[in-house]
Amino acid sequence: MAVRVTQNMLNSNMLRNLHQSMRNMDNLQEQLASGKKISKPSDDPVVAARGMFYRSSLMENDQYKRNVDEAQSWLDMTDSTMDEVGNVLKRIKELLIYSGDGAVSPDDLKTMGSEVQELKNHLGSLANQQINGKYIFAGTDTNKAPYDATANGGKGDFVSTNSSLIDLEVSQNVFVTSNINAQKVFNYPDNANNLFKKLDGIITELSNGRNATQFQTSIDQQYDKLLAERASLGASVNRVELIAERLNSQGVNINELMAANEDADMAKVMTNLKTQESVHSAALGSGARIIQPTLLDFLR
């Protein structure tokens with residue numbers, strides 16, 4: 001059975017098609033102005049979901065990079081401080097060797113004792129080295145000074161016994177250590193015979209006008225232990241640098257994937273918009289012929 005097509009049906013279909021054409025042009029113009037494929041999740045839920053995933057991944061990657069930067073700062077500060085500690089120990093070794101020279105007078109030995117005292121004070125300040133207000137040689141007790149100048153009867157001593165390491169997550173389930181176990185440097189081999197107590201013994205001998213060559217072996221052991229810890233620290237620094245490079249590369253990849261998912265192809269959008277304009281113009285022309293003349297058209 002044939003369906004009767006009325007003028008109202010023609011007019012309604014024409015207006016619906018014109019509205020759809022205008023909606024298409026509006027979408028294309030929005031893409032052209034914003035540079036994005038969608039302006040709201042309902043435009044394309046799949047693109048929106050992927051965009052949320054990429055943004056979440058990028059935020060995680062940025063946090064991992066901040067953790068790596070913090071670890072690098074701690075490790076660099078630790079390395080430079082340990083280098084200075086090594087220079088102090090080398091100077092003490094020189095003084096110990098010089099004290100064994102028979103031509104050195106008791107007064108010269110006392111002068112050397114004063115210098116060792118100053119070197120010990122400097123080592124105490126190095127043991128209390130801070131970064132961002134946190135002590136780097138205090139284990140996880142970063143708010144407590146590990147060296148106390150009033151300890152050991154006012155002579156000063158390394159009082160921290162915290163050997164815990166500080167781990168930072170630099171990737172999913174991947175952790176790096178940002179500090180060292182300072183007990184292996186300043187409390188070696190134990191608190192009763194640590195570096196500062198050995199220096200006290202050296203100071204006592206030199207201040208009394210006696211040589212302190214008997215301490216050479218123990219200071220050599222301290223220096224060797226320091227070198228071993230610096231070597232281990234260097235391995236950690238190399239690993240953190242490699243992780244930093246990987247995170248930077250990963251951040252670039254995520255940004256590229258996010259751009260490919262969300263950014264509009266401007267050349268394609270401009271071509272589609274031009275095509276849609278032509279379609280709309282044609283629709284307006286055909287619509288003008290569909291609408292029947294009215295009495296007013298004959299009265300003009």
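Contact here means heavy atoms within 4.5 Å, and with that cut-off in mind the tour of this predicted model can start where two helices meet.

**Stop 1: H2 against H6.** Select helix H2 (45–99) together with helix H6 (195–207), and show side chains for Leu 89, Ile 92, Leu 96 and Ser 99 in H2, which meet Leu 195, Leu 199, Ile 202 and Leu 206 in H6. The two helices pack at an angle of about 30°, their axes lying 12 Å apart. Because angles under 35 degrees count as roughly parallel, H2 is described as roughly parallel to H6. If you turn the view to look through one helix at the other, the crossing of H2 past H6 is left-handed. Colouring this contact by residue class gives 7 nonpolar residues, 1 polar residue and no charged ones.

**Stop 2: Ile 202 and its surroundings.** Keep Ile 202 selected and add Ile 92, Leu 96, Val 116, Ala 212, Phe 215 and Ile 219, which Ile 202 touches when residues up to four places away in sequence are not counted.

**Stop 3: the largest nonpolar core.** Widening the selection brings you to a core of 50 residues, in which Ile 92, Leu 123, Phe 186, Leu 199 and Ile 202 touch the most other members. At least two residues of this core are supplied by each of H2, helix H3 (106–127), strand E5 (167–171), helix H5 (183–186), H6 and helix H7 (216–262), and the largest share, 12 residues, comes from H2. A second core, separate from this one, has 5 residues, among them Met 25, Leu 28, Ala 264 and Leu 273.

**Stop 4: a cis peptide bond.** Move next to the loop between H5 and H6, where Pro 189 is found, and display the backbone there: the peptide bond from Tyr 188 to Pro 189 is cis, with omega near -5°.

**Stop 5: two asparagines with positive phi.** Select Asn 132, in the loop between strand E1 (130–131) and strand E2 (134–135), where phi is positive at about 55° although the residue is not a glycine. Then select Asn 152, which lies in helix H4 (residues 151–154) and has a phi near 55°, again a positive value in a residue other than glycine. With a surface displayed, is each of them exposed or partly exposed? Asn 132 is exposed, with a relative accessible area of 72%, whereas Asn 152, at 35% relative accessibility, counts as partly exposed.

Terms used: Residues are numbered from 1 along each chain as its sequence is written. This is a predicted model: local features need pLDDT of at least 70, side-chain atom pairs count only at pLDDT 80 or more; totals for chains, interfaces and linings use all residues. Side-chain values use heavy atoms; hydrogens and water are left out. A nonpolar core is a set of buried Ala, Val, Leu, Ile, Met, Phe, Trp, Tyr and Cys residues joined through side-chain atoms within 4.5 Å. Buried means under 20% relative accessible area, exposed over 50%, partly exposed in between (1.4 Å probe, protein chains only). Helices (H or I, at least four residues) and strands (E, at least two) are DSSP runs, numbered from the N terminus. Axes are lines fitted to C-alpha atoms, for helices over the stretch in contact, and angles run from 0 to 180 degrees between N-to-C directions. Angles under 35 degrees count as roughly parallel, over 145 as roughly antiparallel, 65 to 115 as roughly perpendicular and the rest as oblique. A crossing is left-handed if the near helix is turned anticlockwise from the far one by less than a right angle, and right-handed if clockwise. Ala, Val, Leu, Ile, Met, Phe, Trp, Tyr, Cys and Pro count as nonpolar, Asp, Glu, Lys and Arg as charged, and the others, Gly among them, as polar.
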